[in-house]
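Q: Please take a close look at one part of this model, the contact between chains. Then add what can be said about some loop residues.

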Amino acid sequence: MKFLRRILLPSVVCFALVLGGGCKKNTVYTVYTNMPDGAYTLEDKNFAVEKIGGYAAESVSFDEVDTSAFTPRGYSLPAMFVEADVVVMTDFDEDGAQKHYNDFKTEVNALLKDISNSLSSTVENSDIYNFNNASAGDTIEISQITYEVLEKAIYVYEMTTGFYNPALYYNINAYGFGSTHKMPENSSDLPDDETVKKYTDLATHFNEVEIDKQGDKYFVTKPQYTVEVDGETLSLKLDLGGIGKGYAADRVDELYDKYGYNYGYFNFAASSMAVRSNPDTGAYNLGFTNPRWFNKQYFKTTVRGEKLSTSGDNEQFYNLDGVRYCHIISPETGKPVQTGIMSVTVIGGGAAEDDALTTAIMCMGRERAVKFIEEKLTDRRVVFTCE
Amino acid sequence: MSLKKIEQVKKDKGFKIFDLIIYGAVLVLVAVLFIVVFTTRDTSELSGVKITVGTEVVFEYEFGGEFNKKSDSVTVEEDGKSITVTVTTDEGKNVVYIDKDKKTAKMLDADCRGKQCMYFPELDNNSKYIYCSPHGVKVEPLSRDWNSPDIII
């Protein structure tokens, strides 16, 4: 009995205090969002919400349809080195429904292949491959796809005052996130500051990329500017990985319209999506995965009839000497971003623009990001999470 | 401690009401946690495992059936209880362990830098995938629930 009262009881009390202390520990991460109260739920007590002002989009109503006979069809297909999910929900017992769906699939597959073959920097004779291998000042003919993506890239570059910059090609590769270099295995493999500075200087000339449309032909002209690195003359090169999946989501969304599919979604590797309605719940539940704890969700909202994109420093990264290097390059430093922002999601508007915007916000850092969202993204829901 | 105090302690009851309240509260807390954890879990079983390298499916296995090795980059060792799949790419090697009884899969070993993939939880129906980013190797459930109203980013 004495043991119970003098050893066990104090132990239990101490354990309870420690447990209680753990529950009250300080919040580790901050979620910034312009979403109104009630539009989201916080699922993890280690996260706290900081509100951003300015959101002023009007709510959209949807026609109620009898969906009781609807069933899902879905498939995954490889595109742009990742996987895309295509889900359609409709009444597949209706006459011709299966053929209609097969035609839709054929068109989606062909579209994604075209986009991949136009925008890839590694596929020989793709538009971007040809652009990257052209000499400074050269003009080359490109597809309508590449023209449209470059048009949006230039728009977001200007809108974000260069925080989205698809011309950081050499920096991305130098840090091992492209096709030309392996990921560094120790700090000595990292590029030196002088080289990074030259690559970054070259990228600042993205605003000199000129696109032109003549009838049904499309052209792009490469800037004259070059830099010298290790005795080699380098001209500007592009990596459209930060906008291509979003563009694909926009285009597939158009195919959902064309085929009259209002239920289902297109999910391009969780990076960009076009979300329609769900027959059972109306909206889809969008769960945000903790960037530092795989498979744990910390934030939830709903989406319906919207497109969205996400970027994060947990998609591709490595650690060297305690420093995290991710695939998103800051146009200010020319190095992997270390702004403290772990992930960004933009919902609403076009997925291509959202895709580029999420990259830009990652690079801004929290104060400039908050100001930018309040001033420029009043029609979109934005969530970004900081360490 | 005085002799009087010692005598007093000896005469005291083994448990006072406050002691019992604390013990009761701890037991209730444990019971509540147990119920919450085990009743909110998706207990449906994983139907099978698919392994991809980049966009290429290199291995598929449906529990209770035969495995399907779809690439020379894969070597498979099978016994009554488990399947061990070794995926070798230009980037390195990953070893995936599939437990036939528990119907789970996990990344047993990898020679990638950081070995982040080995810290993913075991693949069951509550988890989405295990991903080795440096090697582009992904382990995921074989079948997908296209009807789910949940999308994870």
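A: Two strands are said to pair if DSSP finds at least two bridges between them. Helices (H or I, at least four residues) and strands (E, at least two) are DSSP runs, numbered from the N terminus. This is a predicted model, in which local features need pLDDT of at least 70 and side-chain atom pairs count only at pLDDT 80 or more, while totals for chains, interfaces and linings use all residues. Residues are numbered from 1 along each chain as its sequence is written, and chains are lettered from A and ligands numbered from 1 in the order in which they are written.

By these terms, β13(A) pairs with strand β10 (residues 150-152) of chain B in the parallel sense, over 3 bridges. Within that pairing, A:Leu286 has B:Ile151 of β10(B) as its bridge partner.

The wider interface brings 34 residues of chain A into contact with 22 residues of chain B (contact: C-beta atoms, placed from the backbone, within 7 Å). On the chain A side, at least two residues each come from α1 (2-23), β4 (71-79), β5 (82-90), β11 (264-268), β13 (284-289) and β16 (317-320). The largest share, 6 residues, is that of β13(A). Sorted by class, the side of chain A that touches chain B holds 17 nonpolar, 12 polar and 5 charged residues. Here Ala, Val, Leu, Ile, Met, Phe, Trp, Tyr, Cys and Pro count as nonpolar, Asp, Glu, Lys and Arg as charged, and the others, Gly among them, as polar.

One loop residue of chain A touches A:Tyr284, among others: A:Arg304. A:Arg304 sits in the loop between β14 (297-303) and β15 (306-312) of chain A. Leaving out residues up to four places away in sequence, the other residues it touches include A:Phe62, A:Val275 and A:Gly282. A:Tyr263 lies 41 residues from A:Arg304 in sequence, and the two are 9.4 Å apart in space, C-alpha to C-alpha. A:Arg304 counts as partly exposed because it has 15 C-beta neighbours inside 10 Å. A residue is buried if 20 or more other C-beta atoms lie within 10 Å of its own, exposed if 12 or fewer, and partly exposed in between, with C-beta atoms placed from the backbone.

Two further loop residues concern the backbone. Most residues other than glycine have a negative phi. A:Thr161, in the loop between α4 (144-159) and α5 (169-174) of chain A, has a positive phi of about 45 degrees. A:Thr161 is exposed, because 12 other C-beta atoms lie within 10 Å. A:Asp230, in the loop between β9 (226-229) and β10 (232-235) of chain A, has a positive phi near 50 degrees. A:Asp230 counts as exposed, with 7 C-beta neighbours inside 10 Å.

Terms used:
Two residues are in contact if their C-beta atoms, placed from the backbone, lie within 7 Å.
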